[in-house]
Amino acid sequence: MDFKKVMDEKYKEILEGYMLDPSEIALYSSQKFSRKAIEHKISPEDVVSLHRSLLSELHPDLPESVHRSFDILLEVMIGYGFAYREHQTLRSIQQELNNEIDIAVNMQNTLLQTHIPNLKPLDVGAISVAAKKMSGDYYHFVQNKDHSMSVAIADIIGKGIPAALCMSMIKYAMDSLPDDYHAPNSVLENLNRVVEQNVDASMFITMFYGMYQVHNHTFYYSTAGHEPGFFYRQSDQSFHTIEGKGLLLGVDKQTKYQQYEHTLQVGDMIILMSDGVTECRTEEGFIERDTLLEMIQQHLHLPSQELVQTIYKELERAQDFQLRDDFTLIVIKRKIKIRGLTRLFKGY
Amino acid sequence: MDFKKVMDEKYKEILEGYMLDPSEIALYSSQKFSRKAIEHKISPEDVVSLHRSLLSELHPDLPESVHRSFDILLEVMIGYGFAYREHQTLRSIQQELNNEIDIAVNMQNTLLQTHIPNLKPLDVGAISVAAKKMSGDYYHFVQNKDHSMSVAIADIIGKGIPAALCMSMIKYAMDSLPDDYHAPNSVLENLNRVVEQNVDASMFITMFYGMYQVHNHTFYYSTAGHEPGFFYRQSDQSFHTIEGKGLLLGVDKQTKYQQYEHTLQVGDMIILMSDGVTECRTEEGFIERDTLLEMIQQHLHLPSQELVQTIYKELERAQDFQLRDDFTLIVIKRKIKIRGLTRLFKGY
Amino acid sequence: MEIQSCVKIINEWDIVAARQLGRNVAKELGFGTVDQARITTAISELARNIYLYADQGQICIEKVTNQNRTGVKIISKDHGPGIPDLRKVMEDGYTTSGGLGAGLPGVKRLMDEFSIDSTVSVGTEIITVKWLR
Amino acid sequence: MEIQSCVKIINEWDIVAARQLGRNVAKELGFGTVDQARITTAISELARNIYLYADQGQICIEKVTNQNRTGVKIISKDHGPGIPDLRKVMEDGYTTSGGLGAGLPGVKRLMDEFSIDSTVSVGTEIITVKWLR
Ligand SMILES: [Mn+2]
Ligand SMILES: [Mn+2]
Ligand SMILES: [Mn+2]
Ligand SMILES: [Mn+2]
């Protein structure tokens with residue numbers, strides 16, 4: 001109540017000053033006044049009403065119809081007042097929701113955290129960024145007892161909270177797989193049954209599951225409709241799409257998955273990703289897979305982790321910092337042996 | 001562009017009319033104009049500017065300082081324009097989030113759905129309503145092979161999305177318990193370990209787990225800090241708080257739970273609830289547990305499902321339709337035998 | 001003794017009549033112009049709801065006194081379809097038809113007291129009060 | 001040849017000077033009063049950011065021509081702490097200090113073009129354009 005009087009006085013001071021001497025300072029003061037009024041929940045119709053009464057105070061001689069005209073402006077401003085007041089509650093609802101989501105994101109991160117296995121002949125890098133706060137992309141590494149490494153990458157069709165809930169389920173399902181269960185096709189077949197049973201019919205998951213055998217440097221993999229990645233061949237510096245077919249998880253309980261394999265030479269690379277990488281939408285349209293390869297080529301010399309981070313930064317900027325989809329990029333490089341140094345390393 | 005002209009004309013018509021003849025119709029038209037302007041994203045500063053220019057058109061003779069005064073009002077309205085425009089985007093973000101949450105709620109409902117066992121000597125009713133869209137309360141019934149019935153009721157400390165994520169975990173953990181695992185204290189001890197391991201330190205769960213043995217009409221139960229329920233004794237129409245102690249889930253991995261038991265006579269009742277029932281906040285403050293019991297007493301004659309629904313409706317109205325916490329209420333009544341009819345039922 | 005004046009809402013003219021009635025009472029009681037406009041807007045919203053969604057309904061206006069306060073009470077009553085989910089209709093940002101921030105939550109925010117009672121296929125009664133400060 | 005005029009932002013008076021500069025250019029180019037006020041408000045917000053969060057910075061205003069359009073370009077450049085998370089700062093409803101809807105997303109919405117470049121502990125450059133319609 002008292003505060004309103006102070007604000008009224010302030011407005012009067014600004015208005016009187018400006019009517020005598022129109023200066024930029026007065027206008028700047030108005031902007032500051034506006035900010036303060038909004039902070040203190042003064043409605044726009046209050047401001048119009050104040051303006052009207054000051055005007056008749058300063059110009060008692062104005063025609064009645066001029067005063068009257070403010071009735072109309074006031075009435076219209078009440079509508080804006082509605083919007084303004086709704087905005088205030090919506091904003092606090094939004095903030096509350098944001099806090100909730102932040103907590104949920106933390107839980108999700110704890111749940112989904114994965115360690116990149118430290119296998120000496122491999123240099124592995126991975127990055128995953130959510131478009132919204134909660135990710136519907138998922139990746140997971142397991143270092144198996146037989147010196148192989150499993151890698152999973154998955155993408156829920158859908159984003160945000162439901163995708164995140166679905167993701168948790170996949171994680172629980174993977175956790176309850178027996179320890180010695182590595183064959184990519186059987187893993188996908190098993191997960192497919194879980195998804196089919198537990199997730200509603202409108203939700204699908206694409207997944208790529210691979211297993212890198214260190215002793216023969218062969219990568220075994222199966223795909224459930226997942227965005228194809230690339231193999232990079234160092235000998236002729238060429239990229240090859242990772243071929244492979246398979247139905248999405250959750251479509252048909254009976255789905256069988258085919259298993260493929262590919263052997264890597266030193267310097268060769270496996271590049272896995274979610275469609276969020278290729279669906280980066282820049283001002284010129286979606287980026288082409290070729291453009292992506294050019295980017296990768298440019299930074300090939302970098303260690304894998306730096307490589308994926310650099311690619312992400314470039315694509316983030318290209319699309320004006322607004323990710324349209326969750327973004328996951330994994331690079332697995334078979335290290336180049338450096339003569340003399342290899343002797344120092346044992347175990348592979 | 002063209003639309004703006006139409007709106008300008010409309011405003012002019014209203015204003016001119018009103019300046020000549022101030023009528024309620026013109027004011028009503030202003031309200032409709034306001035609604036339309038807001039729908040079509042016309043900012044409040046545009047309206048003020050329009051008002052100013054119409055005023056100088058209709059009153060070319062007004063003192064310069066009166067026109068000038070509108071510079072100030074305009075400047076202030078630009079601040080409200082900021083809020084107004086932000087509101088529009090926030091509103092669509094909010095709608096998108098709401099859609100997401102709706103989908104997640106469906107998933108949660110599918111995941112958490114439970115069937116009330118159909119045991120002839122019992123009449124069971126249950127209701128659970130989320131304060132926000134996603135519930136952090138959980139209840140679950142299992143009809144065991146040995147003709148007993150298990151009932152779980154739990155409350156995450158916390159609401160909304162993170163609570164829902166946590167709830168899913170509890171459900172997965174319960175699903176993976178062996179089929180013959182019914183002893184309330186061991187179930188709580190097992191779940192306590194899962195929660196302690198997987199959920200972050202700031203999140204706790206209260207849970208009550210009971211098992212009703214039909215052959216001796218004894219209710220075995222343990223509690224992990226859960227809101228105490230009531231036993232109703234038909235013989236003297238009295239209510240008794242369900243005593244029992246136990247630490248919340250997730251505090252200490254080693255927690256042991258004590259098991260209690262209580263035998264029911266015909267007409268006796270078990271009332272279980274979450275603290276959302278007693279934390280109903282009405283205009284006169286929180287409702288007392290006694291007030292709740294009075295309500296239950298009034299409706300005791302109803303079948304259990306109707307009973308819980310009636311209590312919910314009354315409490316919902318009492319707190320002006322704004323639940324402050326998830327609300328779960330379960331009633332298990334040992335049916336009164338009706339002579340002559342009992343002979344028709346076999347199996348107990 | 002309180003006098004209640006009512007307007008049956010059948011067409012848009014009746015909305016205007018209800019507004020006029022409310023404005024007169026508000027003015028008589030000594031409400032300022034902004035509050036007059038707010039009270040009128042609230043009446044308008046309630047009357048519009050009747051006009052759009054219910055076949056029969058009326059808006060009643062009365063002066064109220066409570067200890068040492070006076071105010072204006074608006075009663076909106078219809079025999080329309082009723083509101084199946086009150087929690088939803090009182091949710092912010094829910095109405096898409098009502099424009100930004102309008103609808104019942106908007107009315108509730110404009111006024112000092114607000115209560116709603118609705119039974120499906122029987123009708124809806126809304127009572128709202130604004131006190132003179 | 002484009003002429004760029006700049007104002008160093010050290011105290012609040014400089015905010016006013018930057019506003020005046022922008023308003024003059026906008027007026028010269030033939031922007032209407034509302035757009036003048038919007039452009040000035042955008043300048044004000046940017047200058048205020050420099051004043052509040054960066055030690056050194058300046059606002060430059062220039063006329064721009066692009067095929068058959070003319071407009072006003074505002075360049076805000078500082079050697080302040082930089083913004084670690086651009087996605088966050090461009091998020092609606094994020095700034096609590098800037099008041100409802102203000103801050104950088106508010107400026108972006110007021111103007112036609114907007115780009116931001118920021119490096120932590122180096123500084124921030126914001127370029128924004130409003131075209132004459
Ligand atoms: Mn996805
Ligand atoms: Mn995707
Ligand atoms: Mn809870
Ligand atoms: Mn609770």
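The donor residues of the manganese ion (ligand 2) follow the spacing D-x119-D-x49-D in sequence, where donors are N, O and S atoms within 2.8 Å of the metal (3.2 Å for Na, K and Ca), and water is not among the atoms, so sites may look incomplete. The model is predicted, with local features needing pLDDT of at least 70 and side-chain atom pairs pLDDT 80 or more, while totals for chains, interfaces and linings use all residues. Residues are numbered from 1 along each chain as its sequence is written, chains are lettered from A and ligands numbered from 1 in the order written, and side-chain values use heavy atoms, leaving out hydrogens and water.

For ligand 2, the protein donors A:D155 (OD), A:D275 (OD) and A:D325 (OD) lie 2.1 Å from the manganese ion. A:D155 also bridges to the manganese ion (ligand 1), with 3.5 Å between the two ions. Both A:D155 and A:D275 are buried (under 20% relative accessible area; exposed is over 50%, partly exposed in between; 1.4 Å probe, protein chains only).

In chain B, B:D155 (OD) and B:I156 (O) coordinate the manganese ion (ligand 3) at 2.1 to 2.2 Å. B:D155 coordinates the manganese ion (ligand 4) as well, 3.5 Å from ligand 3.

Turning to the cysteines, the structure holds 2 disulfides over all chains (pairs of cysteine sulfur atoms within 2.5 Å). One joins C:C6 to C:C60, S to S 2.0 Å, and is right-handed, with 110° about the S-S bond. C:C6 is partly exposed at 37% relative accessible area, whereas C:C60 is buried at 4%. A:C166 forms no such bond because its closest cysteine sulfur, in B:C166, is 18 Å away, too far for a bond.
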